[in-house]
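Biologist: I have a chain on screen and some questions about its packing, its pocket and its rings. Shall we take them one at a time?

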Amino acid sequence: MLEYLISLDKELLVFLNGLGSEKYDAFWLIITKQFNWTPYFLLLLFILQRRIGWKNLGIALLFIALLIAFTDQTTNMFKYYFQRLRPCNDFEIKSIIRIVKHSDTLSFFSGHASSSCASMTFLFLILRKYYKYAFVIYLFPLVFAYSRIYLGLHFPLDILVGYTYGLLTGITFYKLYIYFLRKYFPSLIQG
């Protein structure tokens, strides 16, 4: 069953990766760099600060930093445990996919997917009571993680498991954040 799943994962990667073309490579190389998303993050921070205030924003940022550090480090532990090669290094498919970017690190599961989904889940859980369309912030992890498939750096299963893990850690850290606020800063809890 596992071999079948891995085979399907590789087939899906070959298909999705094959949708790309040289014309769009530069765009996806820009999309995959976290730094290039800085204006988006600043906009989210502005929106968050307007709704929860400066003091609560400082606490939320502390929890986001802890969340990203935790998610990133545990993702690396999983990568070293599973030792799955990236598509660009997988001898079975590397000659038939478009490799736009190369990396020698391991693949399963995606740190980009897990960290981006974790942080956006945390923010979504805060912002959902203020904005009907707060779920739009999930466009970031979707586009960001797809860039990894496009570039030949991750398999779809790496992304899916990364999203799932990020969702779980985002929810967990949000609950810890709320617990912390209730215990130490009950006046900051709104609604």
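Biologist: Is L142 buried, partly exposed or exposed?
Modeller: Keep in mind that this is a predicted model. L142 sits in helix α5. Its relative accessible area is 46%. Buried needs under 20% and exposed needs over 50%, so L142 is partly exposed.

Biologist: How far apart are the C-alpha atoms of L142 and L125?
Modeller: Along the chain, L142 and L125 are 17 residues apart. In space, their C-alpha atoms are separated by 17 Å.

Biologist: Which helix gives the most to the largest nonpolar core?
Modeller: The largest nonpolar core has 33 residues. L48, A60, F122, L123, I126, Y174 and Y177 have the most contacts inside it. Helices α2, α3, α4, α5 and α6 each supply at least two residues of this core. With nine residues, the top contributor is α3.

Biologist: Which residues is L48 in contact with, leaving aside its neighbours within four places in sequence?
Modeller: L48 is among the residues with the most contacts inside the largest core. With those sequence neighbours left aside, its contacts are G53, L57, A60, L123, I126 and L127.

Biologist: How many residues does the second, separate core have?
Modeller: Its members include L16, C117, A145 and Y163. This core is separate from the one just discussed. Its count is eleven residues.

Biologist: Is S115 buried or exposed?
Modeller: S115 has its place in helix α4. Not counting residues up to four places away in sequence, S115 touches I68, T71 and D72. Its relative accessibility is 13%. The limit for burial is under 20%, so S115 counts as buried.

Biologist: Which helix gives the most to the lining of the largest pocket?
Modeller: The largest pocket has a volume of about 340 Å³. Its lining has 16 residues, and F41, I64, I68, S119 and M120 lie nearest the centre. Helices α3, α4 and α5 each supply at least two lining residues. The one that gives the most, with seven residues, is α3.

Biologist: How many charged residues are in the lining of the largest pocket?
Modeller: Sort the lining by class. Eleven residues are nonpolar and five are polar. The number of charged residues is zero: there are no charged residues.

Biologist: Is the pair of F78 and F109 stacked, edge-to-face or tilted?
Modeller: The count comes to 28 aromatic pairs. For F78 and F109, the ring centres are 5.2 Å apart and the planes are at 45°. Stacked needs under 30 degrees and edge-to-face needs over 60, so this pair is tilted.

Biologist: How many residues apart in sequence are the parts that this pair ties together?
Modeller: F78 lies in helix α3, and F109 lies in the loop between α3 and α4. F78 is partly exposed at 33%, whereas F109 is buried at 2%. The pair ties together parts whose sequence distance is 31 residues.

Biologist: What is the angle between the planes of Y133 and F135?
Modeller: Y133 is exposed, with a relative accessible area of 53%. F135 counts as partly exposed at 46%. Their ring centres are 6.0 Å apart and the pair is edge-to-face. The angle between the planes is 70°.

Biologist: Which residues form one aromatic cluster with F122?
Modeller: F122, Y174 and Y177 came up already, among the residues with the most contacts inside the largest core. All three are in this cluster. Together with F122, the cluster is formed by F63, Y174, Y177, F180, Y184 and F185.

Terms used
Residues numbered from 1 in each chain as written. Predicted model: local features only at pLDDT ≥ 70, side-chain atom pairs only at ≥ 80, totals over all residues. Heavy atoms only, no water. Core = buried A, V, L, I, M, F, W, Y, C linked by side-chain atoms within 4.5 Å. Buried < 20%, exposed > 50% of the residue type's maximum accessible area, 1.4 Å probe, protein only. Helix = DSSP H or I, 4+ residues; strand = E, 2+ residues; numbered from the N terminus. Contact = heavy atoms within 4.5 Å. 1 Å grid on protein atoms, 1.4 Å probe; cavity = no way out; pocket = protein on both sides within 12 Å on 5 of 7 lines; lining within 4 Å. Points joined across faces, edges and corners; volume = space filled by probe spheres on them. Nonpolar A, V, L, I, M, F, W, Y, C, P; charged D, E, K, R; others polar. Phe/Tyr/Trp six-rings, centres within 6.5 Å; stacked < 30°, edge-to-face > 60°.
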